[in-house]
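This report describes the fold of one protein chain, from its overall make-up to a few local backbone features. Please keep the sequence and the structure at hand while reading.

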Amino acid sequence: MYSFTDNWWTNTITLCAIIVTISYYFCVSTFKKWEKLNVPYIKPIPLFGNFLGIASGKDHPLEFYGRIYDQLSGHKYGGLFQMRTPYLMIRDPEIINDVLIKEFASFPDRGIYSDFSVNPLSNNLFFMENPQWKTIRSKLSPAFTSGKLKNMYNQMKECGDILMKNIDILREKNNEIEVRDILGKYATDVIGACAFGLKLNSINDDQSKFRKYGKSIFTPSIRALFRELCLMINPSLLRVIRVKDFSTEATEFFHRVFKETIAYRLENKIVRNDYVDYLLQARKDLVLNPNLPKHEKFTETQIVANAFVMFVAGFETVSTTVSFCLYELALNKSIQDKVREEIQLKLSQNDGQIDNALLMDLNYLDMVIAETLRKYPPLVALFRKASKTYQVLNDSLEIEKGQKIIIPVYALHYDKQYYTDPEKFIPERFLPEEKAKRPSGIYLPFGDGPRICIGKRFARIEMKLAIVEMLIKFEVFPCAKTEIPLRYSNKVLTLMPKHGIWLTFKKIN
């Protein structure tokens, strides 16, 4: 006799089987893509694709992309899966150049999703897609011409002088200094003064909200990892869950401060010929212009968002790169001495004055910074998305519209095919004759092409000034807390030392 209980169990088991089948299909539904296109790929596992190591917190992205890069050795490109999302990794320098430069019109966007209704400060130059990205970039680029940067030098120098005094104070207390923290304060003050006309005094103010909330943007968090996993499973999840890119507290602080800065400038008719002035001109042209078609108009929030991105990118890239540079100079004393000798020679030829012209003339220091950026690129990978179908030149591959692309910067920088002994710190790799031996497309610390970092030259001057100021006054050495080799936090795409960078400074008499 067939009972009600039997019927209930049969229906329940059938329903569970249907749910499991649908779930499994959802988890693997994208996994045939590369096989169908005859593209070499790394075999995925359900839901996680090739991303399990990062999802579980076991791997750093540089290890993940490096492993994929090595597994695809001998191929110009290959497929992988970040969770369910298929990505095309490009290894070939020529195709990299095509994507970033020659065929940029086919790959203008980063393809990094953010829900701007939830994250208004993310609606900026970094995340924007064409044509808005191109429009705002053209308005803001003039803020970083050679002439404008030269005019910012005195403000940078003032922040550098305060940095030196603070190092002296810290040395007297305990000569084991976490340099990322102190250089983060320096870089915060520089970007505040030069780009926004703000006297932040982060170096001397341990309670600085700019420093506090600026650090929080880059602090590894479970929220950020969860957001990335949702994005790679299906971007629609973020529209439902509405996970924020940054904490509510940090978002509200920066939104208020930059809005007030812009309002103060307008109300008092202040003109400083700096980044804020170009933002105000962009606001006039793109927000207030009554003749602009509606679809071309920007919002007040987008203007504030582009103030925010310049601030956070400005202090983080500089402080981290200079910290890594000091770390390598501490471990390679002969290179440190050679940099100092060059600085002292140029100073003797310039009446002992550190100025913009002297910084531009430090060729060996340029090579040291270039090698630092090779070993420690600000981003371990670049991302692009095809805006239209693209046929790879002299190849059977057709990249479909909407396809997401990875360019593995860190792996390229450590490829022995291009850089002998890549683990070693060798500034001479960047002698003109050595650079000429390598193909373009394999050194990408700031990206390349039209979407190259807008503040690249600003950052380079700021880095050189800090290094020059420190090396003429101090010798830098490892200390008991110096971690060799450095280990990185697994929860961010940037190279963030897990335990900081600790060094000791010895005053030069």
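Among contacts in the chain between residues at least 6 apart in sequence, what percentage join residues at least 24 apart? The share is 73%. The model is a predicted one. Its secondary structure comes to 21 helices and nine strands. The chain has 509 residues, and 54% of them count as buried.

## Nonpolar core

The largest nonpolar core contains 152 residues. Phe196 and Phe254 have the most contacts inside this core. Helix H15, residues 300-331, provides the largest share of the core, with 16 residues.

Setting aside residues up to four places away in sequence, Phe254 touches Leu121, Phe210, Tyr213, Gly214, Ile217, Phe308 and Phe311. Helix H13 spans residues 248-268 and includes Glu252. Is Glu252 buried or exposed? Glu252 is exposed, because its relative accessible area is 52% and the cut-off for exposed is over 50%. The C-alpha atoms of Glu252 and Leu121 are separated by 9.5 Å, although the two residues are 131 apart along the chain.

## Two open sheets

One open sheet is built from four strands in the order S1-S2-S7-S4, with mixed pairing. Its edge strands are S1 (77-82) and S4 (382-385), each of which pairs on one side only. From one strand to the next, the twist averages 30°. Strands S4 and S7 (residues 404-407) run antiparallel and are joined by four bridges. Within this pairing, Lys385 has Lys404 of S7 as its bridge partner. Helix H4 (residues 61-71) packs on the sheet and touches S1, strand S2 (85-90), S4 and S7. The direction of H4 makes about 145° with that of S1.

Helix H5, residues 93-102, is mostly covered, with seven of its ten residues buried. The buried residues of H5 are Pro93, Ile95, Ile96, Asn97, Asp98, Val99 and Leu100. They pack against S1, S2, S4, S7, strand S5 (390-391) and helix H19.

Another open sheet has three strands in the order S3-S9-S8, and the pairing is antiparallel. Here the edge strands are S3 (177-178) and S8 (474-478), each pairing on one side only. Two bridges join S3 to strand S9 (residues 502-507). Glu178 stands opposite Trp502 in S9. Helix H15 lies across S8 and S9, running at about 80° to S8. H15 thus appears in two settings: it packs across these strands, and it supplies 16 residues to the largest nonpolar core.

## Largest pocket

How many residues line the largest pocket? The lining consists of 25 residues. Those nearest the centre of the pocket are Lys375, Tyr410, Tyr414, Glu423 and Tyr488. The volume of the largest pocket is about 520 Å³.

Helices H4, H15 and H19 (409-413) each supply at least two residues of the lining. H4 gives the most, with six residues. H4 therefore has a part in the pocket lining while it also packs on the four-stranded sheet.

## Backbone features

Most residues other than glycine have a negative phi, and most peptide bonds are trans. The table lists places in the chain that depart from this pattern.

| Residue or bond | Backbone feature | Value |
|---|---|---|
| Asn130 to Pro131 | cis peptide bond | omega near 0° |
| Ile484 to Pro485 | cis peptide bond | omega about -5° |
| Leu47 | positive phi, not a glycine | phi about 65° |
| Lys269 | positive phi, not a glycine | phi about 50° |

Where in the chain is Pro131 found? Pro131 is in the loop between H5 and helix H6 (132-140). Pro485 has its place in the loop between S8 and S9.

Leu47 lies in the loop between helix H2 (33-36) and helix H3 (52-55). Leu47 counts as partly exposed because its relative accessibility is 23%, and the range for partly exposed lies between 20% and 50%. Lys269 is found in the loop between H13 and helix H14 (275-286). With a relative accessible area of 72%, Lys269 is exposed.

Conventions: Residues numbered from 1 in each chain as written. Predicted model: local features only at pLDDT ≥ 70, side-chain atom pairs only at ≥ 80, totals over all residues. Heavy atoms only, no water. Core = buried A, V, L, I, M, F, W, Y, C linked by side-chain atoms within 4.5 Å. Buried < 20%, exposed > 50% of the residue type's maximum accessible area, 1.4 Å probe, protein only. Contact = heavy atoms within 4.5 Å. Pairing = 2+ DSSP bridges. Axes fitted to C-alpha atoms, helices over the stretch in contact; angles between N-to-C directions. 1 Å grid on protein atoms, 1.4 Å probe; cavity = no way out; pocket = protein on both sides within 12 Å on 5 of 7 lines; lining within 4 Å. Points joined across faces, edges and corners; volume = space filled by probe spheres on them.
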